[in-house]
Amino acid sequence: MPTRLKQPSAREYADASALREALRSFERRSDEITSSHGMTSRTYQLLLMIKTGEAGPERAGLPELEERLKLGKSTVTELVLRSEKRGLVQRQLEPDSRGAITIRLTPDGERRLADALTALGDERRRLVGILSKLSTRKAR
């Protein structure tokens, strides 16, 4: 029989609840804002990961996107294909790596990403403030 873990304190429950509420609020607002810019939250995350990709200047490979988005290969492939059809990204064969493909943003993808990122600024600052507050409480 497993050993019983220490019971969480009222503060720990309150902090866990506040964290979940803040994350959910951020997620919901992100959905609204990205939708107003013609994207899903998942598409926004894809564009953001491509923009900050490690494969070179503003590009990312499929394995990197799978890892950073925490999604399976088929899900990332489908997301890239849908985004490509919508004119947000383009796939490129890498001449230096046999058969490797990297993904880049198109000018429309760049614009939509920048607009959504700017619109989400207050929400990010609010979430960071809540996380900072919760982190400070835990350190005490």
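**Close-up 1. Glutamate 64 and arginine 68 form a salt bridge in helix H3 of this predicted model.** Their side chains meet at 3.2 Å, N to O. The two residues are four apart in helix H3, so about one helical turn separates them. Glutamate 64 is buried, with a relative accessible area of 13%. Arginine 68 is partly exposed, at 31%. Side chains of opposite charge can pair when their charged atoms come close.

**Close-up 2. Glutamate 67 pairs with lysine 70.** The salt bridge spans 2.9 Å, N to O. Lysine 70 is exposed: its relative accessible area is 62%.

**Close-up 3. Helices H3 and H4 pack against each other.** H3 covers residues 62-69 and H4 covers residues 73-85. Their axes lie 9 Å apart and make an angle of about 110°. An angle of 65 to 115 degrees counts as roughly perpendicular, and H3 and H4 are therefore roughly perpendicular to each other. From H3, the contact draws on Leu62, Leu65, Glu66 and Leu69. From H4, Lys73, Val76, Leu79 and Val80 meet them. By class, this contact has six nonpolar residues, two charged residues and no polar ones.

**Close-up 4. Strand S3 pairs with strand S1 and with strand S2.** S3 runs over residues 101-105. Strand S1, residues 59-61, pairs with S3 in the antiparallel sense over three bridges. Here arginine 59 stands opposite arginine 104. Strand S2, residues 89-93, is also antiparallel to S3, and five bridges join the two. In this pairing valine 89 stands opposite leucine 105. In a regular strand the side chains alternate between the two faces of the sheet.

**Close-up 5. Aspartate 108 and arginine 111 form a salt bridge in helix H5.** Their side chains meet at 2.5 Å, N to O. H5 spans residues 107-119, and both partners lie in this helix. They are three residues apart, about one turn of the helix. Aspartate 108 is partly exposed, with a relative accessible area of 23%. Arginine 111 also counts as partly exposed, at 44% relative accessibility.

**Close-up 6. Salt bridges link five residues in a network.** The members are Arg28, Arg29, Glu32, Glu123 and Arg126. Across the whole structure, a search finds 16 salt bridges. Among them are the pairs glutamate 64 with arginine 68, glutamate 67 with lysine 70, and aspartate 108 with arginine 111.

Conventions: Residues are numbered from 1 along each chain as its sequence is written. This is a predicted model: local features need pLDDT of at least 70, side-chain atom pairs count only at pLDDT 80 or more; totals for chains, interfaces and linings use all residues. Side-chain values use heavy atoms; hydrogens and water are left out. Axes are lines fitted to C-alpha atoms, for helices over the stretch in contact, and angles run from 0 to 180 degrees between N-to-C directions. Angles under 35 degrees count as roughly parallel, over 145 as roughly antiparallel, 65 to 115 as roughly perpendicular and the rest as oblique. Contact means heavy atoms within 4.5 Å. Ala, Val, Leu, Ile, Met, Phe, Trp, Tyr, Cys and Pro count as nonpolar, Asp, Glu, Lys and Arg as charged, and the others, Gly among them, as polar. Two strands pair if DSSP finds at least two bridges between them. A salt bridge is a side-chain nitrogen of Lys or Arg within 4 Å of a carboxyl oxygen of Asp or Glu. Buried means under 20% relative accessible area, exposed over 50%, partly exposed in between (1.4 Å probe, protein chains only).
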